[in-house]
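Student: Please take a close look at the site where the ligand is held. I would like one connected account of the contacts, the surroundings and the space there.

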Amino acid sequence: MSSSCLFCRIIAGEIPATKVYEDDVLVAFNDINPQAPMHVLLVPRVHVATLNDLGANHDAVVGAMVRRAAAIAAERGFAASGYRTVFNCNADAGQAVFHIHLHMLGGRAMGWPPG
Ligand code: 5GP
Ligand code: ZN
């Protein structure tokens, strides 16, 4: 827990968010500025600043995040139609919150390559 980290504070309940799932490893909540009809952020409870800071000790956490994204997509009927998952890392990708999070977007067709 980092008191200066926005997502640590959301996980701690200090800042409100619309949570859609939580367990002992991760919390999922709606993005405050959604870029698609579904835009959920999956955030591990452990504070890791960027993808560059992941170690082998985090493999289970990252696996749980990705598998939970697929489960939420299936629950919402997007498994067959499709959805996008994104980890932004550092400046060129536009990372704004330095606590890793998996964006999960669905409900519209998306272009490729991303901007
Ligand atoms: P990044 O650019 O770091 O990959 O994504 C950060 C995401 O966090 C953005 O999509 C942004 O809209 C979202 N976000 C920023 N502040 C808040 C907040 O206070 N609450 C919620 N729910 N999402 C936030
Ligand atoms: Zn944090």
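Tutor: A backbone N or O atom of Val97 lies 3.0 Å from an oxygen atom of ligand 1. The model is a predicted one, and the distances given here are computed from it. Gly94 also takes part through its backbone, where an N or O atom is 2.9 Å from an oxygen atom of ligand 1. With Ile32 the partner on the ligand is a nitrogen atom, which lies 3.3 Å from a backbone N or O atom of that residue. Taken alone, ligand 1 exposes 520 Å², and 82% of that area is buried by the protein.

The surroundings of the ligand can be described next. Ligand 1 is surrounded by 16 residues, and the closest are Asp31, Asn88, Ala96, His101 and His103. By character, the residues of this shell divide into eight nonpolar, seven polar and one charged. Helix H1 (6-11) and strand S2 (26-30) are the elements that give two or more residues to the shell around ligand 1. H1 provides the largest share of that shell, with three residues.

The shell may now be set within the space that holds the ligand. Ligand 1 sits in the largest pocket, and about 740 Å³ of space lies in that pocket. Its lining consists of 31 residues, of which Asp31, Gln35, His39, Asn88 and His103 lie nearest the centre of the pocket. Asp31, Asn88 and His103 are thus named both among the residues closest to ligand 1 and among those nearest the pocket centre. The elements that give two or more residues to this lining are H1, S2, strand S3 (38-44), strand S4 (83-86), helix H3 (90-93) and strand S5 (102-106). As in the shell around the ligand, the largest share of the pocket lining comes from H1, again three residues. The lining residues divide into 16 nonpolar, eleven polar and four charged.

Two backbone features concern elements that line the pocket or the segment that follows one of them. Most residues other than glycine have a negative phi, and most peptide bonds are trans. Asn90 lies in helix H3, and its phi is near 65°, a positive value in a residue other than glycine. H3 itself is one of the elements that give two or more residues to the pocket lining. The peptide bond from Trp112 to Pro113 is cis, with omega near 5°. Pro113 is placed in the segment after S5, and strand S5 (102-106) likewise gives two or more residues to the lining of the largest pocket.

Note on methods
Residues are numbered from 1 along each chain as its sequence is written. Chains are lettered from A and ligands numbered from 1 in the order in which they are written. This is a predicted model: local features need pLDDT of at least 70, side-chain atom pairs count only at pLDDT 80 or more; totals for chains, interfaces and linings use all residues. Side-chain values use heavy atoms; hydrogens and water are left out. A residue is near a molecule or strand if one of its heavy atoms lies within 4 Å of it. A polar contact is a pair of N or O atoms within 3.5 Å; within protein, one must be able to donate a hydrogen and the other to accept it, and residues adjacent in sequence count only if both atoms are side-chain atoms. Accessible areas come from the Shrake-Rupley method with a 1.4 Å probe; for residues, only the protein chains shown count as cover. On a 1 Å grid over the protein atoms alone, a cavity is a set of points where a 1.4 Å probe fits but cannot get out, and a pocket is an open set with protein on both sides within 12 Å along at least five of seven lines; lining residues have an atom within 4 Å of a point. A molecule sits in a cavity or pocket if more than half of its atoms lie within 2 Å of its grid points. Helices (H or I, at least four residues) and strands (E, at least two) are DSSP runs, numbered from the N terminus. Ala, Val, Leu, Ile, Met, Phe, Trp, Tyr, Cys and Pro count as nonpolar, Asp, Glu, Lys and Arg as charged, and the others, Gly among them, as polar. Grid points are joined across faces, edges and corners, and a volume is the space filled by probe spheres set on the points.
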